[in-house]
Amino acid sequence: MSDRTMTRQVLLFISVLSLSSVHGQVSYSIPEEMAKGSLVGNIAQDLDLDIKRLKSGKARIFTGDSAEYIELNKERGVLLIKDRIDRETLCGMTTPCALHFQIILENPMEFFRVTVEITDVNDNAPSFKKTEKRFEISESAAIGATFMLEIAIDPDVDLNCLQSYTLNPIDFFHLKLKNQPDGSKKVEMVLQKPLDREKQEQLSLVLTAIDGGEPQLSGTVQIHVTVLDINDNAPVFTQEIYKATVVENSPKGALLATVSASDADKGSNSMVSYSFSSSTDLFELDSESGEFRLIGHVDYEKAKYYQMFIEAMDEGGLSDSSKIIIDVIDVNDNSPIIIIMSKSSSIAEDSISNTVIAMISVNDPDSDSNGQVHCGINENIPFTIKSISNAFYSLVTDSDLDRERASEYNISVTCSDEGVPSLSSSVTLTLQISDVNDNAPVFERSSYEAYIIENNTPGLSTFTVNARDADWNQNARVSYILEDSSVNGVPVSSYVSVSADSGVIHAVRSFDYEQIKDFQFRVKAQDGGSPPLSSVVAVRILVQDQNDNAPQVLYPVQTSSSLVAEMVPRSADVGYLVTKVVAVDVDSGQNAWLSYKLQKATDRALFEVGLQNGEIRTIRQVNDKDVVKQRLTVVVEDNGQPSRSATVNVNVAVADSFPEVLSEFTDFTHDKDYNDNLTFYLVLALAVVSFLFVTCLVVIISVKIHRWRQSRVLYHSNLPVIPYYPPRYADTLGTGTLQHVYNYEVCRTTDSRKSDCKFVRPCSENVLIMDPSSTGTMQRMQSENNILDEPDSPGEQKPPNADWRFTQGQRPGPSGAGGPPEMAMGTGPWPNPPTEAEQLQALMAAANVSEATATLGPGTMGLSTRYSPQFTLQHVPDYRQNVYIPGSTATLTSNPQQQQQQQQMLMQQQMAAQQQALQAQPSEASAQPEPPKAAQTPASKKKSTKKEKK
């Protein structure tokens, strides 16, 4: 087939008949015999669908039970030829010929109807069923006699079907075509020239059938004519067209009609035989009787009518032709065909109404009322079926679903036609209802109350709370949570715990009824849905008492330091109330019921104890023979199981006067066991006290001897050597010139008047720190003994505190007579080395002070870190009497007036010495002078002599 022919024959048109939110229809027209993979149309563009929608909706073609000739390319959104299409095989002579199918989309469900018209292509040539045809014609046949020829069959339609016939040669015959009411043509061969058997007995003709396609196709049949002897009358049918009806599914052999033809001739020339112009397998025609019978199976759904050409021929070869039309009557012999196009196997229980769960196609091949179908579903289910178009239905929800009420539905869809009798078909769909977390856990009880005995084991299981959830699977999985709360200010989680899976409540601690009798908390049950649902229940725990406390005696009070006795006069009558034992039990209930019993008594015949009230009374008259000292042992017992008890001793004195009682009870002895224990403890205490006393005595004597030997060693030397610290030794406020802090090791001698002072390594861990925030305070980074407390061991001399000095009125000797202003304020270094008198006074004061502290207030003398704040000048013995001051004619005395005069005189001298020291300070800054060696003066010799005498 040429490209030009294809171009002319292929007509592609698209008509969208209806397009709505539910479905639409698209029509295409294509020629038959297109190659596989050929384009039919762009369905995505024509339906206004996105390619992504075709993919996400899982687009597919639904053809029912018909073969699929068209396929959908979801990647391009086009329809393609899947298999070769032969219009003649598909539709036969039916026009127009079309393919009908649906395109189904899911999520949401949609479908679209597609019609593809198949146009004819001239691919079939006209053909005759027989390759030759024989006639026997009498020579007497008149001009114009007609002879019916077999019609050709061309499966093509329209222009491609059979269009014309030609007959060759045309010497004796020519063709005559007659148009029939149904559009077909009747072909006859007409005698146009008389036959002469004697000239030509046999004639050979060729009948050619030609169609209207391009190029034209044709078919031929050979016609053989035998000229017979004269028979001048041809048979004639009584009707030009015969009509008959047949009910589909009629049995074979059924008589449909009888045809008849008459011949005016006589004899053998009048005998007529009937035959079909073309063979058939459905019907038969009796050649003699002309009875037309059914020999096959007719189906209205395949063909609604049949038409046949019949011929009547006499013995002389003359014939006539007619046509018989058989109409097929439909019978309701087909049940509706139900096809599930798409369905959901499950649906959520919270789905809204009119949710589509299935799409159904129903088809009944019958006609008229036999093909009218109505569908329905079983009752009492929350679904309904709706007709969305001709032969298409949707199954939707029409009310709320509840999985807890019904988790599965079997939906029976029944479709019935309107035939008589009516035929029906049904199909059952199983639909699962998927769970939604719409039910909160529900506790079995609105509140819980449980009992637990005190002194329980921690971790003991008390009871179980149980909640159920009507949902399914994960949504029904219940977890138990202890809500945060407090009991008497303590978190409830320290009292109990709850198992998240089982709901078992355990006691976290051991309970004491006397401390807590009951408490409440709340447990929350929460399911595993999303979002989770929960409910809360109140739980009350009541602690039950246990007899775990013994009775406690409140009266009489039992003491070991004093002896208490109740007096009973000798004139007491029977029932005299001596005393009452008062006891309590902190338990409750029967565990707190107390009973009193007399366990031991000096005279059991004299006293009794009330069982319930604990009253001790006499049971007989007291007489002179009764001893004065009576000892009663009363047992107080509770009513618990097992019972607990307490014992109290009651001393009773049978006497009329107190002196008599006192004389009797002075030698009152206790029980032997009690006395033995007391003796043991007394001996042990005496031994401990004696050991401590002897130890303290030895320590005190050792300390005294050590201090005495130290003072003797110091005074045995001519003069003690006190190291001299240069003015730049310490910078308390960071204003001095010394950049580093140094420690010094002092080497002292007892027999020589010389002392060696040397530098030692800088020791950061032994640095003295001045605290500016506290006045007159020196602190060490490490605690160590002062050099004055341990004179025998080499120590480190602390740098002088800025406040370590007396006021000018309190300072002894010339060094206290005056000073520069910075010395008075406690901010400058020492301007001069200490004098011998000051050194002596410092040593004597240190030897006589026993208690000290590291904190010194203003006006105190910071000799050691052991000096207490109470240590002031009034505690320092006055050693300034008769002290000779080198370089001065003044003598220090203990007379205050004399001291005042001496201080005034020394102040003037000191002022002058200070001015000279200030002038010499720059030179001293460059080179630190060595401390002057203390020289022995007459005053010091005199002082040491006095000390030795002492």
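In the predicted model, glutamate 132 and arginine 134 are joined by a salt bridge whose closest N and O atoms lie 3.8 Å apart. The two partners fall into separate classes of solvent accessibility: glutamate 132, with a relative accessible area of 36%, is partly exposed, whereas arginine 134, at 57% relative accessibility, counts as exposed. This pair is one of 20 salt bridges held by the structure.

A further salt bridge connects the side chains of arginine 293 and glutamate 291, with an N to O distance of 2.9 Å. Arginine 293 is partly exposed, its relative accessible area being 26%, and glutamate 291 likewise counts as partly exposed, at 25% relative accessibility. Salt bridges with shared partners also join Arg87, Glu88 and Asp120 into one network.

Within that network, arginine 87 forms a salt bridge with aspartate 120, and the closest N and O atoms of this pair are 3.3 Å apart. The contact links distant parts of the chain, given that arginine 87 belongs to helix α4 (residues 87–91) while aspartate 120 is found in the loop between β8 (110–119) and β9 (132–138), with 33 residues separating the two in sequence. Both arginine 87 and aspartate 120 are buried, in contrast to arginine 134, which counts as exposed.

Covalent cross-links were examined next. The model contains 2 disulfides, and when the bonded cysteines are numbered in sequence order, the pairing reads 1-2, 3-4. One of the disulfides is formed by cysteine 91 and cysteine 97, whose sulfur atoms are 1.8 Å apart. The torsion about the S-S bond of cysteine 91 and cysteine 97 is about 65°, and the disulfide is therefore right-handed. Both of these residues, cysteine 91 and cysteine 97, are buried.

The other disulfide is formed by cysteine 375 and cysteine 415, with their sulfur atoms 2.0 Å apart. Here the torsion about the S-S bond is about 105°, so this disulfide is right-handed. Because cysteine 375 lies in strand β28 (residues 373–377) and cysteine 415 in strand β31 (residues 408–417), the pair ties together parts of the chain that are 40 residues apart in sequence. Cysteine 415 has a relative accessible area of 0% and is thus buried, the cut-off for this class being under 20%. Cysteine 696, by comparison, counts as partly exposed, with a relative accessibility of 45%.

The strand arrangement was considered last, with attention to an open sheet made of 4 strands in the order β45-β52-β51-β48, in which the pairing is mixed. The edges of this sheet are occupied by β45 (565–568) and β48 (594–601), each of which pairs on one side only. On average, and with direction ignored, neighbouring strands of the sheet are turned by 35° against each other. Strand β51 (residues 629–638) and strand β52 (residues 645–654) run antiparallel and are joined by 9 bridges. At the level of individual residues, valine 635 has threonine 647 in β52 as its bridge partner.

Terms used. Residues are numbered from 1 along each chain as its sequence is written. This is a predicted model: local features need pLDDT of at least 70, side-chain atom pairs count only at pLDDT 80 or more; totals for chains, interfaces and linings use all residues. Side-chain values use heavy atoms; hydrogens and water are left out. A disulfide is a pair of cysteine sulfur atoms within 2.5 Å. Buried means under 20% relative accessible area, exposed over 50%, partly exposed in between (1.4 Å probe, protein chains only). A salt bridge is a side-chain nitrogen of Lys or Arg within 4 Å of a carboxyl oxygen of Asp or Glu. Two strands pair if DSSP finds at least two bridges between them. Axes are lines fitted to C-alpha atoms, for helices over the stretch in contact, and angles run from 0 to 180 degrees between N-to-C directions.
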